[in-house]
Amino acid sequence: MRHIISILLENEPGALSRVVGLFSARGYNIETLTVAPTEDKSLSRLTIVTSGSDDVIEQITKHLNRLIDVVKVVDLTESPYIERELMLIKVRAVGKEREEIKRMADIFRGRVIDVTDKSYTIELTGDGSKLDAFIDALDRAAILETVRTGASGIARGERVLKA
């Protein structure tokens, strides 16, 4: 089963390396990893998407809590949450393709953020399946470059991840 784990981490050199090393040393796979400072510059929020049984995720969580730089760990998938990912995709857009690609971006609520004579760069946000569906709807030969951030998540309602 897929899990989104949010970690509040001290913003110190080597902290991220220790978290990733924990996953690597135990043979756990990281599907996506997103990290950035929080409103408190001394803390970063790390979001990891991984897969495993509930027992495996419990072990991961226990090991993460033992790391000195880790302030708090939450498995977002244990309660309602919101997940988003950002994708920038550059596609070939010439001739009659231009209008079709613009229409496709509109259908998926994307924005064309750069235009040249031969290409569009489109910004799209949503969960991973939405971004995958957009890619699948395009002609693969039209895709010039794709950049994805990986998942970011936050609990719904009053639940917060704070130190």
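**Exercise 1. Which exposed residues does the face of H1 turned away from its buried side carry?**

Before we start, a word on the ground rules. This is a predicted model, in which local features need pLDDT of at least 70 and side-chain atom pairs count only at pLDDT 80 or more, while totals for chains, interfaces and linings use all residues. Residues are numbered from 1 along each chain as its sequence is written, and side-chain values use heavy atoms, with hydrogens and water left out.

*Solution.*
Step 1: Find the helix. H1 covers residues 15–25; helices (H or I, at least four residues) and strands (E, at least two) are DSSP runs, numbered from the N terminus.
Step 2: Pick out the buried residues of H1, which are Ala15, Val19, Leu22 and Phe23. Buried means under 20% relative accessible area, exposed over 50%, and partly exposed in between (1.4 Å probe, protein chains only).
Step 3: Look down the axis of H1. The buried residues fall within an arc of 95 degrees, so they line one face of the helix; the arc is that of the directions from the helix axis to the C-beta atoms.
Step 4: Turn to the face pointing away from that buried side, and you meet Ser17, Ser24 and Ala25, which are exposed.

**Exercise 2. Work out what the buried residues of H1 pack against, and what follows the helix.**

*Solution.*
Step 1: The packing partners are E1, strand E3 (43–51), H2 and E4. Contact here means heavy atoms within 4.5 Å.
Step 2: Move past the end of H1 to glycine 27, whose phi is positive, near 75 degrees.

**Exercise 3. Explain how salt bridges tie together parts of the chain that are apart in sequence.**

*Solution.*
Step 1: Take the total, which is 10 salt bridges in the structure. Each is a side-chain nitrogen of Lys or Arg within 4 Å of a carboxyl oxygen of Asp or Glu.
Step 2: Try glutamate 83 and arginine 2, whose side chains meet at 2.6 Å, N to O. Glutamate 83 belongs to strand E5 (residues 81–92) and arginine 2 to strand E1 (residues 2–10), so this pair ties together parts 81 residues apart in sequence.
Step 3: Check accessibility: glutamate 83 is buried at 11%, whereas arginine 2 is partly exposed at 35%.
Step 4: Return to H1, where arginine 18 forms a salt bridge with aspartate 69 (2.5 Å, N to O). Aspartate 69 sits in the loop between helix H2 (54–66) and strand E4 (70–75), so the parts joined are 51 residues apart in sequence. Aspartate 69 is buried, at 8%, and arginine 18 is partly exposed, at 38%.
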